[in-house]
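Work through the exercises below with the sequence and the structure open side by side, and try each task before reading its solution.

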Amino acid sequence: MATQPDQQDGTDMAKYPTMFDPSSLVRKGFCPIRSGTRANETHSLYYEQHGTGEKHVLLISGLNTSSFGWEFQVRNLALKHSVLVFDNRGVGYSGYPTGRYTTSGMAEDIIALLDYIGWTSLRQIHVVGASLGGMIAQELAFRVPGRIASLTLCVTSPGGMPWQNLPPARLKCLTTLLLTPDPEKKAPTVMKMLYPSSWLGAPAATDPQRTNRQVQTETYLRRTLFSPKQLVIGHVSQLAAGLTHSVSTHRLRQISETVPKVVILCGDEDHLMHLQHSRDLKASMPKAELVQWKDTGHGIHSQRPDEFRDLLDRVFHEADVIRGS
């Protein structure tokens, strides 16, 4: 279902500003999510498509992060691909359904979105999920493996017991963010969680006169200007989805067997998601490729944007080769 960038079903989409380059925007809008025997609408997902390339790329954001966290990836990938980004339930422009949030339920949201915009073909979609987005991507791949050409799971976990998914020390940092409404006061905690301290203090590659800490803090604060303030219920509900996430070894092995190309990406200085989780994923997904980057934190796609772009290019190409063999 194609939509015009400025209007959808009577909704003035100009009221929903975007951080992304408007010149690459193909369509944006709200996808209604329905559930129950009467298929009542429970909430809606805000989405944007950028680029019109043959390859279709789906980017799934992490915990309490809007789609604008993929700014660099959308700018680069849209040059030659069709890129779909969206706000998960409970964050950004998307709605806040009542009841418990789960990664399986959030994956069902995505299937509804893909059906809504017509991305339904066999092996059509290259899925990339980071952190909580990687957990949701696992549930998505288990449900619709035939639609997926490649699966890139970044800084994520197969789940298990809540204390395995997020140890108390990391939960404390997230609680601090919840109780700190001012973005400028939040920023130091966010930087500490996402990036190694040595990297934060180093000159930025894009602007050597400033540190990575200064550049990333500026980007984070700019993102908060575009996204509406997240409600407490959204913060807590998404956190609950991450804490209760669990995909069994059997299901992970099935994903590994049915998706042509699977890559597990992690950093060795991740302060939020323990490195062992990526190793556990690999142990359950024997055909997957495990990639570990040195001196890299949880914010892997923003810390290493060029390397991340090059990795995705390789993954997409290798998936095509596997499918053609």
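**Exercise 1.** Which residue stands opposite Ile264 in β9? Find it in this predicted model, and then place β9 among its neighbouring strands.

*Solution.* Begin at Ile264 of β9, where the residue standing opposite is Leu153. Next, take the pairing as a whole: strand β8 (residues 148-154) runs parallel to β9 and is joined to it by five bridges. Then turn to strand β10 (residues 289-293), which is likewise parallel to β9 and joined to it by five bridges, with Cys266 standing opposite Gln292 in β10. Finally, follow the chain through helix α11 (residues 275-284), which together with β9 and β10 makes a right-handed β-α-β unit.

**Exercise 2.** Decide why strand β9 is described as largely enclosed by the rest of the structure.

*Solution.* Take buried to mean under 20% relative accessible area, and examine each face in turn. On one side Lys261, Val263, Leu265 and Gly267 are buried, and on the other Val262, Ile264 and Cys266 are buried, which leaves both faces covered. Because seven of the seven residues of β9 (residues 261-267) are buried, the strand is largely enclosed by the rest of the structure.

**Exercise 3.** Describe the second largest cavity and the residues that line it.

*Solution.* Start with the count, which comes to two cavities of 30 Å³ or more; the second largest has a volume of about 30 Å³. Its lining includes Phe72, Gln73, Pro305 and Arg309, and α1 (71-77) and α13 (305-324) each supply at least two of the lining residues. Sorted by character, the lining divides into five nonpolar residues, two polar and one charged.

Note on methods:
Residues numbered from 1 in each chain as written. Predicted model: local features only at pLDDT ≥ 70, side-chain atom pairs only at ≥ 80, totals over all residues. Heavy atoms only, no water. 1 Å grid on protein atoms, 1.4 Å probe; cavity = no way out; pocket = protein on both sides within 12 Å on 5 of 7 lines; lining within 4 Å. Points joined across faces, edges and corners; volume = space filled by probe spheres on them. Helix = DSSP H or I, 4+ residues; strand = E, 2+ residues; numbered from the N terminus. Nonpolar A, V, L, I, M, F, W, Y, C, P; charged D, E, K, R; others polar. Buried < 20%, exposed > 50% of the residue type's maximum accessible area, 1.4 Å probe, protein only. Pairing = 2+ DSSP bridges. Right-handed = clockwise from strand over helix to strand, strands pointing away.
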